[in-house]
Structures are given as structure tokens and as C-alpha cells.
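Me: Hi! Could you walk me through this one before I head back to the bench?

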Amino acid sequence: MKIAVAGTGYVGLSIAVLLAQHNEVHAVDLVQEKTDLINKRKSPIADKELEAYLAHRPLNLTATTDAEAAYKGSDFVVISTPTNYDPEKNYFDTSSVEAVIELVKKTAPDAVIVIKSTVPVGYTEKIRADRGVPQILFSPEFLREGHALYDNLYPSRIVVGYPVEDEGMKVKAEQFATLLKQGALKQDIPVLHPHLTEAEAVKLFANTYLALRVAYFNELDTYAEIRGLNTKQIIEGVCLDPRIGTQYNNPSFGYGGYCLPKDTKQLLANYKDVPSNIIGAIVDANRTRKDFIADQIIARHPKTVGVYRLTMKAGSDNYRQSSIQGVMKRIKAKGIPVVVYEPTMKETDFFNSPVIRNLKEFKNLCDVIIANRYTDDLKDIMDKVYTRDLYFRD
């Protein structure tokens, strides 16, 4: 079976590798450098399983910038292009998804389109009607950053939504789910086939619940720090209740990354005219947490604040929407000089703050260093470090 995948970020590359174990897969990206790396069997993103599978597994995978050639003759075209949240429109920017749909209509009119990009609730039904493309499925992804392929190999569930009035598309949804199961290592994977719109809602509500957990334990930590209590002891006592559990309970500077900030805001926008309190509170709580962290640093009257890594977490190369950036901006707004240690950056500055690649030089320059996640790199200067990372694990 020929499958094209539009976009080679975490979602696109992991799904392309998964499916290329048993199918002919063409991964499409706009950036030649990324496609060249993939064709050399090197991962352009940090992900242990992706790196291993590309290097050592037999995969029928070709990466290309020629979208038309990739889409032509495909049975499925999977869309995994970015959909960033536009705060002015209160809506995801879905232009990249629509561009792929239009090109598929032109070059592969018989292909079934599978949207994996996160979209607003109700989007897929609307686009089917507006663009005159009935053969569209929506299949949300549930991937952790740095473990994207692993979470495709051992998925918690597979969800492929289809227009429930169309029996032919039900068959296609089941077929696509079978392809995902075929590539996975886990057995007995729960498979759901809801309506398109319900499938979209599953994605946004799942991520917003995860954001809720992050915000909850951050707010618990804020309380404990202000009251002089031991956060770790409280969290351990709370989380031993099996109804609560120990996942997503490590305090941080706030939730961030590719998904949680934009998905929570989009869900909140979808709540227009719907009575609610919790969803808006989650978004507000994340801002409040960053305010609190910044205030804690400012109260120390530092001469120079160091930001140890812009990335979301250990083992990651992604710093898009990372929570530490929000803290950094608040500190800089008070006129306090900030320098950044980020060895992965080629640029010499980040939002007018110097980027330093020499760790020793960075440590010597700063009297306070903020780190969203601890690493042994900081062991020798812990008297300078401010972190809320209690478990040193994620």
C-alpha cells in the first residue's frame, strides 16, 4: 500500500516510520535538509526509538520535498503539518492542512485523507463540506515529546474518526486503524471509531486534562513554597491514592511545548457560549504559575539570571512554547540581565539575550540560574540554581 505523510515533525516522522515497516511510505517536508537526513536514515529530531529504527530497521521510506509525486497514486495521505494557535483569531492556523488537502484533490483525488494535525472541534466536517472532499478521516495522536515512535509502537488507544453516515468511510477508518496496529508492538490495543467531531474533541479534552494535572500540582507546589511546607511529602501522600496516581505530578515552571498551550486555548475558544469554569482556569493557572516563579527569582535581587536550557525537558531538542521562556520574559521585563545556556542553538542571541554554549562560562556569569528540569550539569552549583523539579525524571 502506498502512503504519503505530509510533515516530518514528531507526529509525521513517527507515523511514517511506523507505517514504513509494512508499506511504501513517502514523507513530505518543505525543508530539504530534513528530507536529506531522513534519506540518510538519520533522525532530524531527538527521539531514541526514531533514531534506532531509522538506523537499523528495514523501512520502505523515502523523504522528499516533491509533494505532488509523493501524493500521486497514494491510498492514504496523512496530514501532520503544524497548526499553531492564533491568539487574535482564537483559532488554530489550519492553512497548512488546507494547502495539503487542495494539492491532494488535484494530484490524488482517490486517496483517503487522514488528518492527524490538531484542529478545532468541528473543523473536519466543515472542511469536507467547504472543500468538497468527502474522503477525510480524523485520527488524533497521543504522543509524548521524545517518545513519539515509542508511543506509536505501544499506543494507549487508536482513534480513527469517520463520518458516521458513510459506510464506505467506516471501512477506510477500520483499514487505517489496522495499518497502525500492524506497525505496533503492543497487543490488544483499544480501537475507537467515533464520529469525526467527537474524535477531534477527544484530542483537545485529553490534552487539556493533562494540562489540568500539571497546573494542579504546580499550584500545590506554589502553596507549599509560600507556606514553607515540603511539597514532595504532600505530593507523595496525595498520589498514593490509586484514583489519583503518580503520573504528571512533578512540579515545573508551567506546561508548555507543542500541544498543551495551544490545545487548552483552542478548547477554551470552542467553549464560547458554553457554561464553564474549569477550562478557563487551567489557562489562567499556567500564567499565574509563571508569574509566581518569576517573582521568586526577582525577590533574590540577582545581578544576572542564567536560563539553563530553553528545551521543554531533559533529552529534548524542542523549545517551542517552553514554560521557561515565559519566566525569562517576566524577569527581563524588570530590567534584570538574562543569559541563556543552549548548546543546540546556532544563533548568538535569543530575544536579545546572549546565548552561551560554554557551560563553565555560563555558570561563572550568573548568580542565579533557573532550570525547569534538573541535570547533573548543575550539581556543582546547586546554591545558584532555582528549580521546582522534585523527582529529576522528566
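Reply: Happy to; we can take the overall fold, then one helix, a cavity and a loop residue. This is a predicted model, where local features need pLDDT of at least 70, side-chain atom pairs count only at pLDDT 80 or more, and totals for chains, interfaces and linings use all residues. Residues are numbered from 1 along each chain as its sequence is written, and side-chain values use heavy atoms, with hydrogens and water left out.

Me: Cool. How many helices and strands are in the protein chain?

Reply: The protein chain has 14 helices and 16 strands. Those are DSSP runs numbered from the N terminus, with helices being H or I of at least four residues and strands E of at least two.

Me: And what radius of gyration does the protein chain have?

Reply: The protein chain has 22 Å, which agrees with the value near 21 Å for a compact globule of 394 residues. That radius is taken over C-alpha atoms, and the globule rule is 2.2 Å times the number of residues to the power 0.38.

Me: What share of the residues is buried?

Reply: Buried residues make up 53% of the 394. Buried means under 20% relative accessible area, exposed over 50%, and partly exposed in between, with a 1.4 Å probe and protein chains only.

Me: Why is helix H13 described as largely enclosed?

Reply: Because seven of the ten residues of H13 (residues 323-332) are buried. Among them are Ile324, Val327, Met328 and Ile331. Their cover includes helix H12 (278-298) and strand E11 (305-308).

Me: Switching topic: how many cavities of 30 Å³ or more turn up?

Reply: One, from a search of the whole structure. Its volume is about 170 Å³. A cavity here is a set of points on a 1 Å grid over the protein atoms alone where a 1.4 Å probe fits but cannot get out, and lining residues have an atom within 4 Å of a point. Points are joined across faces, edges and corners, and the volume is the space filled by probe spheres set on them.

Me: Which residues are closest to the centre of that cavity?

Reply: Of the 18 lining residues, they are Lys116, Pro140, Asn152, Pro155 and Arg157. Helix H1 gives the most to the lining, with four residues.

Me: Last one: where is Thr344 found?

Reply: Thr344 is in the loop between strand E12 (338-341) and strand E13 (349-350). At 45% relative accessibility, Thr344 counts as partly exposed. The C-alpha atoms of Thr344 and Thr311 are separated by 9.5 Å, with their positions 33 residues apart along the chain.

Definitions and conventions
On a 1 Å grid over the protein atoms alone, a cavity is a set of points where a 1.4 Å probe fits but cannot get out, and a pocket is an open set with protein on both sides within 12 Å along at least five of seven lines; lining residues have an atom within 4 Å of a point. Contact means heavy atoms within 4.5 Å.
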